[in-house]
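Reader: I am a first-year student, and I would like a close look at a single part of this model. Could you choose one residue, and then show me step by step how the rest is arranged around it?

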Amino acid sequence: MKIIGSVFLIMLLASFSAAAAEYRIDDRGAHASINFKIKHLGYSWLTGRFNTFSGTFNYDAENPNAASIKVDIDVTSIDSNHAERDKHLRGSDFLNVDKFPKANFNSTKITDKGNGKIEVVGELTLHGVTKSITIDAEKIGEGKDPWGGYRAGFAGETKIRLKDFGMQERLGPASTEVYLDLHVEGIRK
Amino acid sequence: MLKNSPKKYGLVAKFLHWLTAITVIALFAVGLWMVDLDYYDAWYTKAPYYHKSVGILLGLLMVLRMLWRISNTTPVPPKNHQLWEIQSARLAHGLFYLLIFLMIISGYLISTADNRSIDVMGWFEIPSLGSLIDNQEDTAGLIHEWLAYVLIGLASIHGIAALKHHFYDKDETLKRMI
């Protein structure tokens with residue numbers, strides 16, 4: 001009985017620590033996306049996304065300020081649904097992916113703002129430049145999935161200036177900032 | 001006059017030759033120029049449009065040219081040409097056909113990598129075969145760029161060789177094509 005009791009205790013402890021556990025962003029099931037938009041001539045939004053990325057985050061609803069997230073992005077996977085434009089965006093006029101094929105984001109400070117709002121401060125490395133950015137995020141939900149896993153998901157928005165990341169602003173005065181629209185769903189490890 | 005004779009190229013072959021030459025050089029110049037246009041330049045969208053249209057039309061011209069070539073006698077090389085000259089000229093002419101077709105195919109693969117067709121002067125459209133390889137537009141783009149330099153390099157050698165025959169050897173080589 002003693003052995004069974006301690007096994008039970010270990011399992012209980014394990015499930016507690018799992019509550020604060022690491023989540024793997026579900027890029028395989030594509031329940032996550034890194035979308036961007038930039039104004040076209042000031043007349044409309046041009047949208048696109050990065051198709052290939054991976055990442056992990058730590059999150060515990062009991063202690064949201066201890067959360068963290070890191071994401072690695074394959075910049076060559078940029079997709080604006082137009083091959084000629086994607087080729088141009090990958091070239092030296094913009095992302096220069098031959099030289100800078102990877103981008104990444106590592107959170108440095110996550111603050112729970114209440115009402116499901118979360119402020120994520122972190123370092124974004126893009127085009128060889130590392131800068132601190134702030135993502136206004138919100139928790140969408142968490143819970144068991146129907147297939148035996150446990151998931152938590154968030155959405156976030158931020159904007160970056162092309163110039164801040166060493167890219168020339170060639171697209172006109174209305175198109176100097178890129179808005180990032182982020183969606184992550186993680187599967188608890 | 002229209003057809004080739006064993007001694008001379010006919011008018012059709014001359015016309016096809018010089019039209020190809022002008023078109024290839026123009027496509028190269030426009031291609032180099034258009035990729036560095038400012039986003040707000042009036043030619044930013046027009047230049048690639050005409051570059052693609054003319055490229056496809058060049059492909060049709062090249063098909064006609066090949067048909068004309070095989071259905072016609074090819075003039076024999078002038079008597080004073082050495083064997084190595086004859087062989088290297090043959091190789092260069094074969095390479096021209098190969099390079100021009102590869103240029104058109106690689107260009108086609110850039111523009112059609114996302115299933116979009118190529119509109120030719122608003123007259124007709126060349127449909128896409130879809131995306132055949134990953135990041136097709138980038139790979140095809142690199143091939144298109146490098147082959148363009150090879151093609152223009154070969155054309156320069158071709159032109160210099162013709163001038164050498166005309167002014168240095170003082171033979172019939174260039175005159176047969178004019």
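**A lysine in chain B and its surroundings**

Author: Once its neighbours within four places in sequence are set aside, Lys8(B) is in contact with Lys14(B) and Pro75(B). Please keep in mind throughout that the model is a predicted one.

Where does Lys8(B) lie along chain B? The residue belongs to the segment that comes before α1 of that chain. Although Lys8(B) and Lys175(B) are 167 residues apart along the chain, their C-alpha atoms are separated by 8.8 Å in the model.

Is Lys8(B) buried, partly exposed or exposed? Its relative accessibility is 41%, and because buried means under 20% and exposed means over 50%, Lys8(B) counts as partly exposed.

It helps now to step back to the chain that holds this lysine. Chain B contains 4 helices and 2 strands, and when the elements are read from the N terminus they follow the order α-α-α-β-β-α. The C-alpha atoms of the chain fill a box of roughly 55 × 30 × 30 Å, taken along the principal axes. Of its 178 residues, 38% count as buried. If you consider the contacts in chain B between residues at least 6 apart in sequence, 69% of them join residues at least 24 apart.

The surface and the charges of chain B can be described in a similar way. Its accessible surface comes to about 11,100 Å², and 71% of that area belongs to carbon and sulfur atoms. The chain carries 15 positive and 14 negative charges, and the mean positions of these two groups are 20 Å apart.

The helices of chain B also take part in a pocket. The second largest pocket holds about 1,400 Å³ of space, and of the 49 residues that line this pocket, the closest to its centre are His17(B), Ala89(B), His93(B), Phe96(B) and His158(B). At least two lining residues are supplied by each of α1 (11–34), α2 (46–70), α3 (83–111) and α4 (136–168) of chain B, while the largest share, 13 residues, comes from α4(B).

For a second view, consider a lysine in chain A. Lys37(A) is found in strand β2, which covers residues 33–40 of chain A. Leaving out residues up to four places away in sequence, Lys37(A) touches Trp45(A), Leu46(A), Thr47(A), Glu177(A), Val178(A) and Tyr179(A). From Lys37(A) to Gly48(A) the distance is 6.4 Å, C-alpha to C-alpha, and the two are 11 residues apart in sequence. With a relative accessible area of 31%, Lys37(A) is partly exposed.

The chain around Lys37(A) can be described in the terms already used for chain B. Chain A has 2 helices and 11 strands, and along the sequence these follow the pattern α-β-β-β-β-β-β-α-β-β-β-β-β. Buried residues make up 42% of the 189 residues in this chain. Among contacts in chain A with a separation of 6 or more, 55% are between residues 24 or more positions apart. Chain A exposes about 10,700 Å², of which carbon and sulfur atoms supply 54%.

To return to your single part, then, Lys8(B) is a partly exposed residue in the segment before α1 of chain B, in contact with Lys14(B) and Pro75(B) beyond its neighbours within four places in sequence.

How values were computed: Residues numbered from 1 in each chain as written. Chains lettered and ligands numbered in written order. Predicted model: local features only at pLDDT ≥ 70, side-chain atom pairs only at ≥ 80, totals over all residues. Heavy atoms only, no water. Buried < 20%, exposed > 50% of the residue type's maximum accessible area, 1.4 Å probe, protein only. Contact = heavy atoms within 4.5 Å. Areas by Shrake-Rupley, 256 points an atom, 1.4 Å probe, with all protein chains shown as cover. Lys, Arg positive; Asp, Glu negative; His and termini not counted. Charge placed at Lys NZ, Arg CZ, Asp CG, Glu CD. 1 Å grid on protein atoms, 1.4 Å probe; cavity = no way out; pocket = protein on both sides within 12 Å on 5 of 7 lines; lining within 4 Å. Points joined across faces, edges and corners; volume = space filled by probe spheres on them.
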